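Subject: Handing over a structure

Dear colleague,

I am passing a structure on to you, and below it I describe what was found in it. Please keep it open beside this message as you read.

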Amino acid sequence: MENLNQTTKEAWDANAEVWDTRMGNEGNDFFNILCWPALASLLDPKPGDTILDIACGNGLTTRRLAEMGCQVTAFDFSANLIEYAKNRLTNYQSLITLHVLDATNEDQLLSLGEVRFDAALSNMALFDMADVEPLFRALPKLLKPGGTFVFSITHPCFNNATSMHVVEEIDDGEIKTIYSVKISRYMTPYSARGLALRNQPKPQIYFERPLQYYLNLAFKNGFILDGFEERAFPPETPQSTPLGWGGKFSEIPAAIVARLRLSP
């Protein structure tokens, strides 16, 4: 596990420049259409809220939260990504604190301060972590009573490392083109290399886990699930590539967003 975590860190350091260029200050369609509307709705941040932004990357979600008046502590284990975040967040220095910190290390997480945060957020990052158990153990200590943890991940059922996008033509009295997804693995956790961006220099490692893995881990650590959305692209969304996620897969959710809450 330690070797996988180090390999993952090296990949994100290598890919930091490409990711920062691609995401910029505003993000891509996957973020803006699938993730952020549900994240913002379930998190429901208020001015003055103290929020922990987990695996913040170049600061995309950090910036959105600061614009809402939140006090944000954000971290990533890639020092290169944190440098890009610093460069993009100079106008929000009074509201943001950035750290280089490993989410798989419980001691590092607790160094942020116990019973400190109203809420925590993780956007498209849990499946990049070699081990999520330290994070789920630490969060109940970091959050205030009644605090929430909102996260987005690629949909484990339909958008995992074995997913194959398929286009077929059928004739049922009318010629139709059908877009579908085929997967060959789901129940057993595994890791696999992949390219989230086609031009990134180094493959990253996906840590695929069934949905029950995340939820049972949350329940074990004192959370309840009180918000959940499966997110698919609207039919009118164009495809960035012929078989890329977009409106032709509008009946298949590519991501989920969930809200976990501690007892008050």
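A residue is called buried when its relative accessible area is under 20%, exposed when that area is over 50%, and partly exposed in between. Please bear in mind throughout that this is a predicted model. By the cut-offs just given, Cys-157, with a relative accessible area of 23%, is partly exposed, whereas Cys-70, at 0% relative accessibility, counts as buried.

**The chain as a whole**

The chain holds seven helices and eleven strands, and buried residues account for 51% of its 264 residues. Its C-alpha trace spans about 65 × 40 × 35 Å along the principal axes. The radius of gyration is 18 Å, which agrees with the value near 18 Å that a compact globule of 264 residues would have. If one takes the contacts between residues at least 6 apart in sequence, 71% of them join residues that are at least 24 apart.

**The sheet**

Strands of a sheet pair through backbone hydrogen bonds, and they may do so in a parallel or an antiparallel way. Here seven strands form an open sheet with mixed pairing, and their order is β3-β2-β1-β4-β5-β11-β10. Its edge strands are β3 (96-100) and β10, each of which pairs on one side only. On average, and with direction ignored, neighbouring strands of this sheet are turned by 15° against each other. Between β10 and β11 the pairing is antiparallel and runs over eight bridges, and within this part of the structure Glu-229 stands opposite Val-257 in β11.

Helix α7 packs on the sheet, where it touches β5, β10 and β11, and its direction makes about 155° with that of β10.

**The helices and their buried residues**

Which residues of helix α7 (residues 211-220) are buried? They are Leu-211, Tyr-214, Leu-215, Leu-217 and Ala-218. These residues cover an arc of only 160° around the axis, and therefore they lie on the same side of α7. What they pack against is α6 (133-142), β5 (143-154), β9 (204-208), β10 (223-231) and β11 (255-262). Just after α7 comes Gly-222, which takes a positive phi of about 95°.

In helix α4, the buried residues are Leu-81, Ile-82 and Ala-85. Seen down the axis of α4, they fall within an arc of 100°, so they line one face of the helix. The elements that cover them include α1 (2-23), β2 and β3.

Helix α3 (residues 60-67) contains Arg-63, which counts as buried because its relative accessibility is 15%, a value that falls under the 20% cut-off. Leaving aside residues up to four places away in sequence, Arg-63 touches Asn-25, Glu-26, Leu-89 and Tyr-92.

**The cysteines**

A disulfide is a covalent bond between the sulfur atoms of two cysteines. With a pair of sulfur atoms required to lie within 2.5 Å, the count of disulfides comes to zero. Cys-70 is in no disulfide, and the nearest cysteine sulfur, which belongs to Cys-56, is 15 Å away. Why is Cys-157 not bonded to Cys-35? The sulfur of Cys-157 is 16 Å from that of Cys-35, its closest cysteine sulfur, and this is too far for a bond.

**Two backbone angles to look at**

Most residues other than glycine have a negative phi. Ala-55, a residue other than glycine, nevertheless has a positive phi, near 55°. Ala-55 lies in the loop between β1 (50-54) and α3, and with a relative accessible area of 24% it is partly exposed. Val-115, again a residue other than glycine, has a positive phi as well, near 50°, and is found in the loop between α5 (106-110) and β4 (117-123).

With kind regards

Conventions. Residues numbered from 1 in each chain as written. Predicted model: local features only at pLDDT ≥ 70, side-chain atom pairs only at ≥ 80, totals over all residues. Heavy atoms only, no water. Helix = DSSP H or I, 4+ residues; strand = E, 2+ residues; numbered from the N terminus. Buried < 20%, exposed > 50% of the residue type's maximum accessible area, 1.4 Å probe, protein only. Contact = heavy atoms within 4.5 Å. Arc of directions from axis to C-beta. Pairing = 2+ DSSP bridges. Axes fitted to C-alpha atoms, helices over the stretch in contact; angles between N-to-C directions. Rg over C-alpha atoms; globule rule 2.2 N^0.38 Å.
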